[in-house]
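Thanks, everyone, for making the time this morning. Please have the sequence and the structure open side by side while I talk.

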Amino acid sequence: MSRFEGRAPAISFIGVSSPLETLHRSLGLTDSELDDIRRVLSREPNPLELALYGVMWSEHCSYKSSRLHLRRLPSTGDHVLVGPGEGAGVIDAGDGIGVAIRIESHNHPSAIEPYQGAATGVGGILRDVFSMGARPLAVMDPLFFGELDDARTRWLVEGVVSGISGYGNSVGVPTIGGELTFDECYSANPLVNVLAVGALPTDRLALGVASGIGNFAVLLGSSTGRDGIGGVSVLASAGFSGDDGAASIDDAKRPSVQVGDPYEEKRLIEACLELLDRGYVVGIQDLGGAGLVCATSETAAKGRVGMDVDVTAVPQRERGMQPFEIMTSESQERMLAIITPENFDAVAAVCDKWEVRASVVGHVVEPTLLADGSRVAMLRVRNGFDGEVLAEVPASSLADDAPLYDRPRQRPADLDVVLADDPTTDEPVGDAAADLLDLLMSPEWVYRQYDSQLFLNTVVGPGRDAALLRLAGPGLPSSERGIALSTDSNPRWCALDPRDGTAMTVAEGVANLACVGATAKAVVNCLNFGNPEHPEVMWQLSESVDGMATACRGLGLPVIGGNVSLYNESGGRDIDPTPVVGLLGVVESLVATPPGWNWREGDAVVLVGHREAAGAQPFPLAGSRWATKRGRRGGQLAAFDVARLISTFRFVSGEVAAICAGATSDVTAVHDVSGGGLATAIAEMASATGLGVHVAKLEGHGELFAEFPGRFIVATSHTEAFVARALAAGVPVTILGTVGGKTVHLGELVSVTVADISARRAGALEEALLLA
Amino acid sequence: MTRIGVVVFPGSNCEFDAAHAVEELGATAEFIFHTSTSLGDADGVILPGGFAHGDYLRPGALARFSPVMTAVAAFAAAGGPVLGICNGFQVLTEAGLLPGALQKNRGLTFLCQSTTLVVSSTHSVLTSASRVGTELVVPINHFSGAYTCDDDVYASLVGHDQIVLRYRDNPNGSRDDIAGVANERGNVVGLMPHPERAMSTLLGSADGRVLLESFVGARAMAH
């Protein structure tokens, strides 16, 4: 098209000017992707259009390497109101309340600038949730770092935690849990995942869809600056190149990290919820990765309408910003609302009250009639609404038509050698009590920096099996229900067997929910993997998706949202596969607290569930924290057998749910056996109460430290009654011993005082961070 | 029925919780936006927790200039019951309605945890229903909660029985374990812990009730 001719041939991107012939490469597009763009447009794209495709077709925005695989996940269910593809998934939790949930990664920004990287991760996920009309009610943060003997890692930990604390507390959303994992594979590429949950009256549900020819697209919130340009393409969709720790982090990428302002976000939340309550909003979407081009093209594509965007109408933070900068900036705390022109004054009044800027930056327009008679919904970027057209591309080509890659997959060549190197059959060496103490670390130093109580909902807060909240909040119908949340991951398992490792991770999450009496209702996932151009990584991803699909189908769970983070590598080394699973469950009646870990003197300690693992080894140590501490990273996992898990989960969650509903019970404590095995679970319970336990006989160190899901430690004041109920439910139980005294005795292998356990647990993290 | 005004600054975030708590005690709660120049017919006023005006400059430093604070000062001068919780306490000290100041916690981190408070004086609208020496489990949730004041102010606080609550185990480095103080008349009180978060054993403690019941039941003190 002639009107694009004669435009300046070069644009400056991250400080580098590129000639037009190679511009697409500096924008993160391949030569074949450039050909795809030419085909879509039937002409040469201009530099601005290339920049739009560069961000929208990035791995981060388009899921071009993973989409093919994600289709295999189940995503439907009677209670699913919104599945994957919107800002957040939403389920019907009952009583007229919808619960929205979403998880995302902010890994690469946090590796470069930990405070702002983590802070803006929180801000971004909250916008996803309130863009659905939900008030954000809770955040969880699964975090993965290298080992703490490295000074840079300690700096990352403190930075990330203070970023989450600084932003989350100030924006007024409680942080109710998460995970903390240390492994050398994350040393140069930490993982910062953020999960957010919100709730809405189901009739306030909003979608990111533009409709109504003549309607306005209003940009709400912050002005647009040069921060975060190329965040999704240059930063999130490429690995770190260097190979020597701190020096490997590219300072040149620092301008791609955004800067957050929780005060702006807090006012934006209140303003948006008020606009939704007043019925002024036709459609609404957050501005996250890829900024304005993403929000405008996605809302237009979903509504099958055109959108004219005037770059001069966008409030700018600095002078001289180029159109591509305005369109792709990832400046934080911005939303795009579609409203009718008649409502503009009323919208402006609400925004004035909350001191939130509102500017009409777009018009919803008719699809464009092409020469062949077809109509195409176009995104047009203009210099003034009546001014020159700077870019014109089909909205859906940006939002939906990114290339789909079936990248080569290959099982790692050395995997058989790794699997054969099984620590389960190692001769036990050393002192099991010392091994146990070495596994204990309370994350309290992290979570006491987070406001975990706002909104008066937190019945079970951070540091336990799962978080449990009352289902209540400003503007919600009243309800006696509760929601439970858990995030789980196990890179040690997934490195050995990404399929069964992921399946068992899902099971682990369901087990955690059972401990607080909840029935699992939905899953979200954050798939953190290495470089998808490595066939071994694509094999891991594909296997992991299949494992998740198997577990979710077996347990009747829809996957209602997710995020894929690839290129988690540094110096050519990929991280271990780290699928993080977020579980959302519901407790039908929450009027009393679940038992927690509060066993009492004289209670019987019972192992609920199959004592021995399915598979060749009764007590597999492969992938256990115990083996990993000893540098033993090989071996065969337990087999994943969903059938034998279901009845156990149902029984435990039923026992606890009855207590939450106010029934009296002989059950005094419930804890899931997970990382660190049986010994760790028992030690944690002893530490919570100050009361020891005497377990007469265990099958060696394997039974102390083996990890496989489906086992719970339950304390009961009435053994016979409890055992009878378990057996009636078809659930195997093993009576392990009795609560009492000030020492934890585990067979003949461990005898350690509760005081030593508590001291070690309480002090381990601060000591490792050199803060104690 | 007692009407409690809950002041909302941009950046406040505990306003819903404070309103919920006083309503549970039989009062009605009404939000008063910070631009308002009147408190209406409120019988008492709460400045809730949060980050008023983003805590920019320092907590409370900008909020004291919000239009509503003129009305709060007049209400306090007339003997009306005023309660500042957490950020609200910080605002009251910045506004000069309470003595002293709140500085960063001793450990230089945010702290969200349960604390045990000891009632030190019943000469205030917050503590009049409890007894000196009573221990109350109430959570804290702040970064800048270490109470500080100069020696003259401290002597005056002690002399006029204005220290109303102390921490049993000082979590943040507050001078003399101070968790809450009142003005001389006892009608203006500020505390860093959150009594509105301790209204139900389901959430861990119901010990905040006795404090808020006292506040809701308070009437304007005559000169």
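Let me begin with one pair of residues, A:Cys526 and A:Asn563, the latter being the bridge partner of the former in strand E22 of chain A. Before going further I should say that this is a predicted model, in which local features need pLDDT of at least 70 and side-chain atom pairs count only at pLDDT 80 or more, while totals for chains, interfaces and linings use all residues. Residues are numbered from 1 along each chain as its sequence is written, and chains are lettered from A and ligands numbered from 1 in the order in which they are written.

The bridge at A:Cys526 belongs with the pairing of strand E21 (residues 519-528) and E22(A), which run parallel and are joined by six bridges. Helices (H or I, at least four residues) and strands (E, at least two) are DSSP runs, numbered from the N terminus, and two strands pair if DSSP finds at least two bridges between them. Both strands sit in an open sheet of six strands in chain A, with the order E18-E19-E20-E25-E21-E22 and mixed pairing. Its edge strands, each pairing on one side only, are E18 (458-460) and E22 (559-565) of chain A, and neighbouring strands are turned against each other by 20 degrees on average, direction ignored. Axes here are lines fitted to C-alpha atoms, for helices over the stretch in contact, and angles run from 0 to 180 degrees between N-to-C directions.

Helix H19 of chain A packs on this sheet, touching strands E20 (482-488), E21 and E25 (578-587), and its direction makes about 30 degrees with that of E25(A). Contact means that the C-beta atoms of two residues, placed from the backbone, lie within 7 Å.

How does H19(A) cross H20(A), and at roughly what angle? The axes of H19 (residues 498-515) and H20 (residues 535-555) of chain A come within 7 Å and cross at roughly 40 degrees. H19(A) is therefore oblique to H20(A), given that angles under 35 degrees count as roughly parallel, over 145 as roughly antiparallel, 65 to 115 as roughly perpendicular and the rest as oblique. The crossing of H19(A) past H20(A) is right-handed, the term for a near helix turned clockwise from the far one by less than a right angle, with anticlockwise giving left-handed. Among the residues that meet there are A:Ala503, A:Val506 and A:Val510 in H19(A), and A:Met548, A:Ala551 and A:Leu555 in H20(A). The residues of this contact divide into nine nonpolar, six polar and four charged, where Ala, Val, Leu, Ile, Met, Phe, Trp, Tyr, Cys and Pro count as nonpolar, Asp, Glu, Lys and Arg as charged, and the others, Gly among them, as polar.

A second helix pair in chain A is H7 (residues 114-130) with H10 (residues 262-277), packed at an angle of about 0 degrees with axes 11 Å apart, so H7(A) is roughly parallel to H10(A). The contact is made by A:Gly123, A:Leu126 and A:Phe130 of H7(A) and A:Pro262, A:Glu265, A:Ile269, A:Cys272 and A:Leu273 of H10(A), which by class gives six nonpolar, one polar and one charged.

There is also an open sheet of seven strands in chain A, ordered E10-E12-E9-E13-E11-E16-E17 with mixed pairing, and its edge strands are E10 (283-286) and E17 (388-394). E16 (residues 378-383) and E17(A) pair in the antiparallel sense over six bridges, one partnership being that of A:Val381 with A:Ala391.

Turning to a hairpin, four bridges join the antiparallel strands E31 (residues 743-746) and E32 of chain A, and A:Val744 stands opposite A:Val752. E32 (residues 750-753) has a covered face, A:Val750 and A:Val752, and an uncovered one, A:Ser751 and A:Thr753. A:Thr743, in E31(A), is partly exposed, because 18 other C-beta atoms lie within 10 Å; a residue is buried at 20 or more, exposed at 12 or fewer, and partly exposed in between, with C-beta atoms placed from the backbone.

Finally, two positive phi values deserve a look. Most residues other than glycine have a negative phi. A:Glu355 has phi near 55 degrees and is partly exposed, with 14 C-beta neighbours inside 10 Å. B:Leu108 has phi near 60 degrees and counts as exposed, because it has 9 such neighbours.
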